[in-house]
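Trainee: I should like to examine how the descriptive terms applied to this model are justified.
Mentor: Let us take them in turn, setting each value against its criterion.

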Amino acid sequence: MAKYLYTIEEALQQLYKDSEDLLYFHKEVPEISLADIDDDFALMFYRDFVSRNHPVLIKGGVEHFSAVNKWDSVYFRQHFGNKSVTATLTPNGYADAVARYQGEKYFFLPEEVEMNFEGFLDLLQRQSSNCVSYIQQQNSNLTEHFSELLADVETEISWASKAFNKSPDAVNFWMGDERAVTSMHKDPYENIYCVIDGHKDFILVPPLDTPYVPYENYPVRKYSNVRPDGFDVERVPDQETISWVAVDPLRFDQVRDYPDFFKKARTFEVRVGKGDVLYLPSLWFHHVRQSHGCIAVNYWYDIDYSNPTFCYYQMLSKMCTIKNF
Ligand SMILES: O=C(O)CCC(=O)C(=O)O
């Protein structure tokens, strides 16, 4: 059997040092402006960000969408009040997230409820305690269910489609309560995230810091019958447990449980404002908060599986998987 000269820990230290010196020395998400978007932008975007798997904030990147001047609660109520939408409901704002219930930790899925847009906007406005609503389906709901709104945005982002050499797999519409938080996770998608109204606050952690992002196995449950005075909890058929990120980057009371995350994982905080675009590269961990009634549209482009970066991160994930006894 081959004898390796270095331990996994030594190799990970080398990775940390090199990425600190070469990749993440700016410690922040670079910002460019709409003025930089010319005919050559796709090439520049690919060269400077996609090929480096590095996020970038494009200020005013979708300012030209008519949605930016049109979409808000009043507009939706006037024009699409009767339109059927699928909203998710939770008692605490945490959908697809870990929460304590009767003394145990579970991974909770939200309740999904079909209602008309007006009903959703009423819920949003009322902000009842123990009932947090969010339109957050990631099934290309904008193209599949809100096609009336497509004329106010674009079906794809031309410079991104050119750089990725494909069209998006999904275009998603988001609108929600400021209490609705998306817990830390990663996706196998190149994400072009556009804020139409309000703002979103992202906390990002690069995939190179996978060694410091703890995962645990949780039993899965689903909220049901969420209402101001309570909620029910259901088992989910065919889904007993899930492995999910155990840490919440805002919960400093978790420092003792997950010291490596708070000491070593590099976090990049970025606010995406009205009309701005965030390029969130595939496999970056992200945690997301929002202003009340924030509206966003994001374009998910499938990851390039033939790129060595994907294989490399797969290997890193395997190396860092710890056996739980
Ligand atoms: O906007 C959010 O709440 C979450 C966005 C997200 O997780 C994504 O686009 O992958």
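**Burial, pairing and the ligand shell**

Mentor: In this predicted model, Ala160 has 24 C-beta neighbours inside 10 Å and therefore counts as buried.

Trainee: Why is Ala160 called buried?

Mentor: The term requires 20 or more other C-beta atoms within 10 Å. Ala160 has 24, so the criterion is met.

Trainee: Where does Ala160 lie, and which residues is Ala160 in contact with, leaving aside its neighbours within four places in sequence?

Mentor: Ala160 belongs to helix α7, residues 158–164. With those neighbours left aside, its contacts are Ile192, Tyr299 and Tyr301. As for Val62, 98 residues apart from Ala160 along the chain, the two C-alpha atoms are separated by 13 Å.

Trainee: What makes β1 and β7 edge strands?

Mentor: The open sheet has nine strands in the order β1-β2-β17-β11-β19-β9-β8-β3-β7, and its pairing is mixed. β1 (31–33) and β7 (111–116) each have a single partner strand, so one side of each is left without a neighbour in the sheet. On average, neighbouring strands of this sheet are turned by 25° against each other, direction ignored.

Trainee: How do you know that β3 and β8 pair?

Mentor: Pairing requires at least two bridges between the strands. Three bridges join β3 (residues 84–90) to β8 (residues 132–135), so the requirement is satisfied; the two strands run antiparallel. Within this pair, Leu89 has Ser133 of β8 as its bridge partner.

Mentor: Helix α5 (residues 117–126) packs on the sheet and touches β3, β7 and β8. The direction of α5 makes about 115° with that of β7.

Trainee: What makes the buried residues of α5 line one face of the helix?

Mentor: The buried residues of α5 are Phe117, Phe120, Leu121 and Leu124. Seen down the axis of α5, they fall within an arc of 100°, so they line one face. Their cover includes α4 (73–80), β3, β7 and β8. Just after α5, Gln127 takes a positive phi of about 45°.

Trainee: Which residues are around the ligand, and how many of the shell are nonpolar, polar and charged?

Mentor: The residues around the ligand are Trp174, Thr182, Asp187, Asn191, Tyr193, Lys200, His286, Val288, Ala296 and Asn298. By class, four are nonpolar, four polar and two charged. At least two residues of this shell come from each of β11 (189–197), β18 (285–290) and β19 (294–302).

Key. Residues are numbered from 1 along each chain as its sequence is written. This is a predicted model: local features need pLDDT of at least 70, side-chain atom pairs count only at pLDDT 80 or more; totals for chains, interfaces and linings use all residues. Helices (H or I, at least four residues) and strands (E, at least two) are DSSP runs, numbered from the N terminus. Axes are lines fitted to C-alpha atoms, for helices over the stretch in contact, and angles run from 0 to 180 degrees between N-to-C directions. Two residues are in contact if their C-beta atoms, placed from the backbone, lie within 7 Å. A residue is near a molecule or strand if its C-beta atom, placed from the backbone, lies within 6 Å of it. Ala, Val, Leu, Ile, Met, Phe, Trp, Tyr, Cys and Pro count as nonpolar, Asp, Glu, Lys and Arg as charged, and the others, Gly among them, as polar. A residue is buried if 20 or more other C-beta atoms lie within 10 Å of its own, exposed if 12 or fewer, and partly exposed in between; C-beta atoms are placed from the backbone. The arc is that of the directions from the helix axis to the C-beta atoms.
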